[in-house]
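Please open the structure in your viewer and keep the selection panel at hand. The tour below names a place to select at each stop and then describes what is found there.

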Amino acid sequence: MLAESQLQRRGNRVDEMHNNSSSSMKLSELTLPLYEVVKREITEAIMIGKFGPGAVLPSEIALSQMYGVAVGTVRRALMDLTSDGLLSRRRKTGTVVTGRKPQHSLRLFFQYFRLHGIDGSLSKSVTKVTSIKNTIASASDAQKLQIDEGTPLVSFHRIRYLDDTPVMHETLTLPRERVPDFPTSSEEIPHLFYLHLLEKYGIRISAIREQVAADLANEDDETWLKLKRPAAVLTIDEVAYDQGAVPVLHSEHRATTARHRYVNEIQ
């Protein structure tokens with residue numbers, strides 16, 4: 001299991017990202033294999049240009065120290081990335097970035113949406129932000145985001161459309177200090193919000209915990225999802241964690257599944 005200090009050291013050395021030493025969780029507790037964590041982080045570093053084509057990666061020992069994991073874990077990640085074509089292992093040079101695109105790019109990853117058609121077809125949604133507001137953390141917010149009650153927050157509400165039909169509305173909330181200069185106009189919040197967090201704020205969403213339930217539609221659901229009550233909705237209460245296992249985003253989703261199904265694929 002990764003020690004918390006190792007997680008912080010890895011974040012500081014590799015990405016110079018924001019870390020919070022008060023986190024009570026460890027990345028290994030989020031059930032993600034460590035070699036997959038390393039593989040994902042190296043892939044993302046390549047995708048955002050930190051390691052360009054032809055760049056030579058640090059040695060396995062150096063990478064293991066930077067990420068705070070065993071050399072064997074790094075070796076497994078590098079082997080997978082070599083098989084995927086992102087890296088090339090050269091005897092004298094070392095591990096070199098090939099410049100090829102990963103089979104599943106970050107942009108496709110961040111477009112992932114878990115409401116699929118009843119026939120199993122993948123659905124690509126379009127979002128529309130309806131409001132942005134500044135608030136302070138309630139006791140519930142503080143517990144979910146592991147912050148002090150009263151901490152400044154920023155939240156926004158948006159609707160997801162599939163084929164011009166509203167299928168989900170959601171409220172996303174973040175600590176204000178993590179996202180300075182957050183957009184004040186709904187048009188400035190990009191559709192691929194997770195990718196925006198990575199590119200603008202250096203916040204990589206590395207793990208998500210969801211609580212899924214069923215509920216009766218309320219007035220907001222009737223308004224935003226064009227439902228006629230009584231109707232059932234799917235609710236998803238979600239906490240997203242950054243690369244240091246620090247909770248950074250709380251989301252509340254409410255969706256109609258009249259013509260879609262929630263699909264959670266584990267690979």
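Begin by selecting Leu-162, whose bridge partner in strand S6 is Thr-165. Helices (H or I, at least four residues) and strands (E, at least two) are DSSP runs, numbered from the N terminus. Before moving on, note that this is a predicted model, in which local features need pLDDT of at least 70 and side-chain atom pairs count only at pLDDT 80 or more, while totals for chains, interfaces and linings use all residues. Residues are numbered from 1 along each chain as its sequence is written, and side-chain values use heavy atoms, with hydrogens and water left out.

**The confidence of the model**

If you colour by pLDDT, which is the predictor's confidence in each residue, from 0 to 100, the protein averages 82, and 81% of the residues score at least 70. Over residues 1-31, by contrast, the pLDDT is below 50, although this stretch has 77 contacts in the model beyond near neighbours in sequence (contact means heavy atoms within 4.5 Å).

**The sheet**

Now select S5 and S6 (residues 165-175), two antiparallel strands that are joined by ten bridges; two strands pair if DSSP finds at least two bridges between them. Widen the selection to the open sheet of six strands, which has the order S4-S5-S6-S9-S8-S7 and antiparallel pairing. Strand S4 (126-136) and strand S7 (207-216) stand at its edges and have a single partner strand each, so one side of each is left without a neighbour in the sheet. On average, and with direction ignored, neighbouring strands of this sheet are turned by 15° against each other. Axes here are lines fitted to C-alpha atoms, for helices over the stretch in contact, and angles run from 0 to 180 degrees between N-to-C directions.

Next add helix H7, which lies across S5, S6, S7, strand S8 (232-241) and strand S9 (247-255), and which runs at about 30° to S6.

**Two loops of the sheet**

What is unusual about the phi of Asp-163? It is positive, about 55°, although Asp-163 is not a glycine. This residue is found in the loop between S5 and S6, and at 75% relative accessibility Asp-163 counts as exposed; buried means under 20% relative accessible area, exposed over 50%, and partly exposed in between (1.4 Å probe, protein chains only). Then select Ala-245 in the loop between S8 and S9, which also is not a glycine and has a positive phi of about 65°. Ala-245, however, counts as buried, at 0% relative accessibility.

**The aromatic rings**

The structure holds three aromatic pairs, where rings of Phe, Tyr and Trp (its six-membered ring) pair if their centres lie within 6.5 Å, and planes under 30 degrees apart count as stacked, over 60 as edge-to-face and the rest as tilted. Select Phe-156 and Phe-193, whose ring centres are 5.0 Å apart and whose planes stand at 70°, so the pair is edge-to-face. Because Phe-156 lies in strand S5 (residues 152-162) and Phe-193 in helix H7 (residues 193-201), the pair ties together parts that are 37 residues apart in sequence. Phe-156 counts as buried at 1% relative accessibility, and Phe-193 counts as buried at 3%. Add Phe-182 to the selection, and you have one aromatic cluster formed by Phe-156, Phe-182 and Phe-193.

**A last stop**

Finally, select Pro-230 in the loop between helix H8 (219-224) and S8, where a cis peptide bond, with omega about 0°, joins Arg-229 and Pro-230.
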